[in-house]
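Work through these exercises with the model open beside you. Try each task before reading its solution.

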Amino acid sequence: MAGYFAIFLVVITVACGLIWLIDAKLYAPARRERIAIAQASTAGNIALDELEKIAPQPVIAETAQSIFPVLFLITIFRSFLFEPFQIPSGSMMPTMLVGDFILVQKYTYGVHDPIWRSELIEMDTPSRGDIAVFKYPEDERLDYIKRVVGLPGDKIVYRNKQLFIQPSCEREPERCKELNVMPMESDSVYEINAYGETVALGTELLGEVEHNILFNINNEYGYPFVQANGKTNEWLVPEGHYFMMGDNRDNSQDSRFWGFVREDQLVGKAVFIWMSFVYNDGAIDWLPNWIPIDIRFSRLGTVQ
């Protein structure tokens, strides 16, 4: 089911449309008749403001008539075309930063109704390497953004900061006989993060998508999501599901922690950064941390 804001937007749009329709069909004809009688009795010598006083349109109907077209266009745009999202955390660094505002293309993975999210028109399925927004499987009121790593039928292995994929034989019969390493190059630039960890910048080729990743070079993890009869850090993606990972590999709560994303939980594909703010974050003592202090114009554009 959609989030509260989407439901509220649809409800208020429908309510305004119904108020406008009821007024136009039931009450507007009577107002026009009273105005016509007044004009006839004065031989047309009556000011416009006087006519409006004779048969005034109720304020609620006037307001609904004024805002319905705007609400209708916003609902269509947001429900079926594009929806804005803000990046709330660093799990997709360095590809996306806190303060990035993105547009998500809603129809990429199918057209869905804005409340129950039932599929109305079937479109494409996610491709490996897509950056996708989806409903968090453990609480669908929340929207998450991660990169699509595993497709239905894939075997995913993540060891020693290296990603291996054995694709489904139905989709890639020539590459499905063995695990395929996803080419990755590590930059020689390292830095110490706020937790005292040594973090490296790398470049990974995932399908046809080359993108940057961050990873901690010191620690190796055993991730908590383990399938029945499966091994730690190995996963087999069920049909109709997808395996998601953040580009900030050691600071991302993703499928390695909570499992797979169902196809019907997909919201859309991130396609464009339309704004990128730098927030105060303690730099100015007297200014709240949520106040923007700069704009990263260089980040505006398409995402990969």
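**Exercise 1. How many bridges join β14 to strand β15 (residues 261-262), and in which sense do they run, parallel or antiparallel?**

Some ground rules first. This is a predicted model: local features need pLDDT of at least 70, side-chain atom pairs count only at pLDDT 80 or more, and totals for chains, interfaces and linings use all residues. Residues are numbered from 1 along each chain as its sequence is written, and side-chain values use heavy atoms, with hydrogens and water left out.

Solution.
- Helices (H or I, at least four residues) and strands (E, at least two) are DSSP runs, numbered from the N terminus.
- Two strands pair if DSSP finds at least two bridges between them.
- β14 and β15 are joined by two bridges and run antiparallel.
- Tyrosine 242 has valine 261 in β15 as its bridge partner.
- β14 also pairs with strand β6 (residues 143-150), antiparallel, over three bridges.
- There, glycine 150 is bridged to phenylalanine 243 of β14.

**Exercise 2. Find what surrounds phenylalanine 243.**

Solution.
- Start with the strand. Four of the five residues of β14 are buried, meaning under 20% relative accessible area; exposed is over 50%, and partly exposed lies in between (1.4 Å probe, protein chains only).
- List the contacts, defined as heavy atoms within 4.5 Å. Beyond its neighbours within four places in sequence, phenylalanine 243 touches residues including Val149, Ile156, Trp235 and Phe260.
- Now the core. A nonpolar core is a set of buried Ala, Val, Leu, Ile, Met, Phe, Trp, Tyr and Cys residues joined through side-chain atoms within 4.5 Å.
- The largest one has 14 residues, and Phe243 is among those with the most contacts inside it.
- β7 (155-159), β8 (162-166) and β14 (241-245) each give two or more residues to this core.
- A second, separate core of 13 residues includes Met92 and Ile273.

**Exercise 3. What is the strand order in the open sheet of four strands?**

Solution.
- The order is β9-β8-β7-β13, with antiparallel pairing.
- β9 (180-181) and β13 (234-236) are the edge strands; each pairs on one side only.
- β7 and β8 pair over five bridges.
- One bridge links valine 157 to phenylalanine 164 in β8.

**Exercise 4. Check the span of α1 and α3, then locate their kinks.**

Solution.
- The expected span is 1.5 Å times one less than the number of residues.
- α1 has 38 residues and should span 56 Å; its end C-alpha atoms lie 53 Å apart, which agrees.
- α3 (residues 59-81) has 23 residues and reaches 32 Å, close to the expected 33 Å.
- A bend is the angle between axes fitted to the seven residues ending at a residue and the seven starting there.
- α1 kinks by about 50 degrees at tyrosine 27, shortly before proline 29.
- α3 kinks by about 40 degrees at isoleucine 67, shortly before proline 69.
- Buried residues of α3 include Ala64, Phe68 and Leu71. Their cover includes α1 (4-41), β1 (82-86) and β3 (111-112).

**Exercise 5. Is aspartate 281 buried or exposed? Place aspartate 294 too.**

Solution.
- Aspartate 281 sits in the loop between β16 (266-279) and β17 (292-295).
- Its relative accessible area is 64%, so aspartate 281 is exposed.
- Aspartate 294 is in strand β17.
- Its relative accessible area is 46%, so aspartate 294 is partly exposed.
- Aspartate 294 lies 17 residues from phenylalanine 277 in sequence and 5.9 Å from it in space, C-alpha to C-alpha.
- Outside its neighbours within four places, aspartate 294 contacts Ser276, Phe277 and Val278.
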